[in-house]
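Here is a short tour of some helices, their packing and a few backbone details worth a look. Keep the structure open beside you as you read.

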Amino acid sequence: MNGETAIKGGVYSAQRHDSGHKHVAGSAAYVDDLTEPQGLLHLCLGLSSVAHARLKQVNLDAVRAAPGVVLVLTAADIPGANDISPTHRHDEPILAEGSVEYAGQPIFVVAATTRDQARCAVRLAEIDYEELPPVLSFAEAKASGVMVTEPMTLARGDASAALAKAPRRLKGQLAVGGQEHFYLESQIALAIPGEDDEVRVICSTQHPTEIQTMVAGALGVPANAVTTEVRRMGGAFGGKETQGNLFAAVAALVAKKTGRAAKIRPDRDDDFVITGKRHDFLIDYAVGFDDAGRILAVDMTYAARCGWSADLSGPVTDRTLFHADNCYYFPDVRLASEPLKTNTCSHTAFRGFGGPQGMIGGERLIEEIAFALGKDPLEVRKLNLYGPGRDMTPYHQQVEDNIAPEIIAKLEADCAYWARREEIAAFNKASPVLKRGLALTPVKFGISFTLTAYNQAGALVHIYRDGSIHLNHGGTEMGQGLYTKVAQVVAEAFQVDIDKVRITATSTGKVPNTSATAASSGSDINGMAALAACNTLKGRLVAFAQENWEVPGDQVAFLPGFVRVGNQKIAFADFVNAAYLGRISLSSTGFYKTPKIHWDRAAGKGRPFYYYSYGAAACEVIVDTLTGENRIARVDILHDVGSSLNPALDLGQIEGGFVQGAGWLTSEELWWDDQGRLRTHAPSTYKIPACSDRPRIFNVELLKDSPNREETIYRSKAVGEPPLMLAISVLHALSDAVASVADHRLCPHLDAPATPERVLMTIERLRAEVAELDGRVA
């Protein structure tokens, strides 16, 4: 940098998370850690105990008379709209009115002087239900034919005709389970009433503007009366994009009704029961291919159990179809979604937003073909990759930045794939009980909101006379390090150390009309908005220097800690103070909208994604064939983040995303009983990965010298969601290990999650099938 000492904390440098030391010390303040306002009321929701019923009578007299109870609210007490639906369908009331559609649906809310009093009071409700048959299973949902939103079909060519002409054809079905977000900080909202119709909501949400909108609607006031504030979340993973609407709305309703601050923090069981999860899918597929294993035609239907309302199921199932191809070219293809209505909680966004389920379907095709031809799945994967003349997706977007072949080739060599394949085969032949498996799977993940309007962001930057900088933007911090990355962008722009940049809580009162921090777009859009604000300020400062010191613009440069004006170097603080004295505005907003993207859902054509992020993982597992228990022995990951803004944070996101994905595909199983009651609603019954579940050998590398081809923030790429799908390698490694009990003659058809029970049942089924096959041959 012009011979100058580099700044501390600029882009491309490994910086700690801005709150990392506070996380370790326990001093990071979350909503429940804030000093409680005087007279605070604590809330608890009264929930439906049945999955589908008319409400014949709701008697809350005993609830109102319970000790400490100050207020009880029902749907009739809502002054504005009884609606928190994020879609135009208006199908999600805050509190049930006339009927309930899932076990756990809120019917009323209790406000009491203590949390325990509120929790005890809700149990005193006397509710008379007229029960109706619930729709719970895929079979029931398909038979009912009711969908929560419009389905979508993507098509290119004539899949039916191409299937009929294909030399080889296969068809099958794959079940993929859902996943609980299990954020460490539960849903929470604190509402503080203000003057007139104003209210301030401090909450744990990925979408402050949606909270503002829903609260304003419920209160019947304009959006400018509601301010939403978020400093940090204790995890979110998509579960706080829409699911926080309920909690913020009831807190605000109580606060304005009583004139007292109100807070709601459900316990873990209630949080589980009330809120939506990752969608589970039933995938029907048919694939045509040639004798080499090249795919000729694909027809797939992705049916999703969406729950009782639309929520985000439309865009989730759309993105599922967008990622059914993963890295592979389908010459003739038809992909269809079925967003089915069920009497369960309304499923929602979860890291990957339907993309992981789509990819799993595409990878099953590869596995089926490999077993049918007696080939290694990696050979079939490489044969079917996008390439020259084979670069058009099922949604008619050209794949222009395809680096999947490069990543796969490098990882294949670095992890010694073929040597290990031989060594594992020898081990399995000699080991009657323990079986090892190996798989290498790629990832191609589209980056952008598929709702084009969400691809925008705003920022606000102030420079103070002492040279310190105040930064605010529309993105939210949920542990991923977004605040740190955007602060690095600002530090780089002004060439100051990062400790000069003050990161402040996201607030709808500072930056309006924010988009959700989701779709892996946080750094892309908020970083660019902050840079735009910085460039506006720099433009003013350069113009001031030209006028004040009478130098041409090309002789004004921002250097580390200084500004060069002609032949003199002026300390940054002195320079901005001089600008202040010269009556130059030192505050600016910034705005950014993602270019090039467009999407026509009705036609199934467009460019929904600005670019793709790529990666690949090679996973080795070991399975006990007597119990189905298994471990991840080794993982090698090569991941594309473009020119990394912060390698330390990016590595953390890749490691965490992989482990979360592995949990989804192995140990995390959601189970509703035949009455529609969620039975896995606590850590005792729902198993997220523990420290001991991490890969014993965990090698993670960022792809070097691969800047983003598109003009993203400092040529970086998104890193939030794509790494989760690297864990698909775990499912396929388990499948490979299981297949060894039948000498890889039969495709295991291993569904997800591959719990020890499911692994064991698959092993026993394969052994029975191969014995029957051998009997027929004999």
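Asp650 sits in helix α17, which covers residues 647-666. This is a predicted model, and in it Asp650 has a relative accessible area of 1%, so it is buried. If you set aside neighbours within four places in sequence, Asp650 is in contact with Lys485, Val641, Ser644, Leu645 and Val719.

**Helix α14 and its partner α15**

One of those contacts, Lys485, leads us to helix α14, since Lys485 in α14 is among the residues that meet α15. Helix α14 runs over residues 482-494, 13 residues in total. From first C-alpha to last it reaches 19 Å, close to the 18 Å expected at 1.5 Å a residue. How much of α14 is buried? The count is 13 of the 13 residues, so the rest of the structure largely encloses this helix. Right after α14 comes Gln495, with a positive phi near 60°.

The axis of α14 comes within 9 Å of the axis of helix α15 (residues 522-549), and the two cross at roughly 25°. With angles under 35 degrees counting as roughly parallel, α14 and α15 are therefore roughly parallel to each other. Their crossing is right-handed. On the α14 side, the residues that meet α15 are Leu482, Lys485, Val486, Val489, Val490, Ala493 and Phe494. Facing them in α15 are Gly522, Ser523, Asn526, Gly527, Ala530, Leu531, Cys534, Leu537 and Lys538. Sorted by class, this contact has 10 nonpolar, 4 polar and 2 charged residues. A general point helps in reading such lists: an α-helix has 3.6 residues a turn, so residues three or four places apart point the same way.

**Helices α10 and α18**

A second pair to look at is α10 (residues 355-373) and α18 (residues 728-739). Their axes come within 11 Å and cross at roughly 30°, and α10 and α18 are therefore roughly parallel to each other. The crossing of α10 and α18 is right-handed. From α10, the residues in this contact are Pro356, Met359, Ile360, Glu363, Arg364, Glu367 and Phe371. They meet Ile728, Leu731, His732, Ser735 and Ala739 in α18. The contact of α10 with α18 divides into 7 nonpolar, 2 polar and 3 charged residues.

**Helix α7 and the loop before it**

Helix α7 covers residues 245-258, and Asn245 belongs to it. At 1.5 Å a residue, the 14 residues of α7 should span 20 Å, and the end C-alpha atoms are indeed 20 Å apart. Of these 14 residues, 11 are buried, so α7 is largely enclosed by the rest of the structure. The buried ones are Asn245, Leu246, Phe247, Ala248, Ala249, Val250, Ala251, Ala252, Leu253, Val254 and Ala255. Gly259 follows α7 and has a positive phi, near 75°.

What does Asn245 touch, not counting residues up to four places away in sequence? Its contacts are Ile84, Glu210, Ile211 and Met214.

Gln243 is found in the loop between β11 (226-230) and α7. Leaving aside neighbours within four places in sequence, Gln243 is in contact with Gln187, Thr275, Gly276, Asp311, Ser346 and Thr348. Gln243 and Leu136 are 107 residues apart in sequence, and their C-alpha atoms are 21 Å apart in space.

The table gathers relative accessibility for several residues of this report, including two that are taken up just below it.

| Residue | Relative accessibility |
|---|---|
| Asn245 | 1%, buried |
| Gln243 | 9%, buried |
| Phe353 | 13%, buried |
| Ser448 | 3%, buried |

**Backbone details in loops**

Phe353 is not a glycine, yet it has a positive phi of about 55°. You will find Phe353 in the loop between β15 (332-341) and α10. Ser448, also not a glycine, has a positive phi of about 150°. Its place is in the loop between β16 (434-447) and β17 (456-463).

Where does Pro753 lie? Pro753 is in the loop between α18 and α19 (756-777). The peptide bond from Ala752 to Pro753 is cis, with omega near 5°.

Conventions
Residues are numbered from 1 along each chain as its sequence is written. This is a predicted model: local features need pLDDT of at least 70, side-chain atom pairs count only at pLDDT 80 or more; totals for chains, interfaces and linings use all residues. Side-chain values use heavy atoms; hydrogens and water are left out. Helices (H or I, at least four residues) and strands (E, at least two) are DSSP runs, numbered from the N terminus. The expected span of a helix is 1.5 Å times one less than its number of residues. Buried means under 20% relative accessible area, exposed over 50%, partly exposed in between (1.4 Å probe, protein chains only). Axes are lines fitted to C-alpha atoms, for helices over the stretch in contact, and angles run from 0 to 180 degrees between N-to-C directions. Angles under 35 degrees count as roughly parallel, over 145 as roughly antiparallel, 65 to 115 as roughly perpendicular and the rest as oblique. A crossing is left-handed if the near helix is turned anticlockwise from the far one by less than a right angle, and right-handed if clockwise. Contact means heavy atoms within 4.5 Å. Ala, Val, Leu, Ile, Met, Phe, Trp, Tyr, Cys and Pro count as nonpolar, Asp, Glu, Lys and Arg as charged, and the others, Gly among them, as polar.
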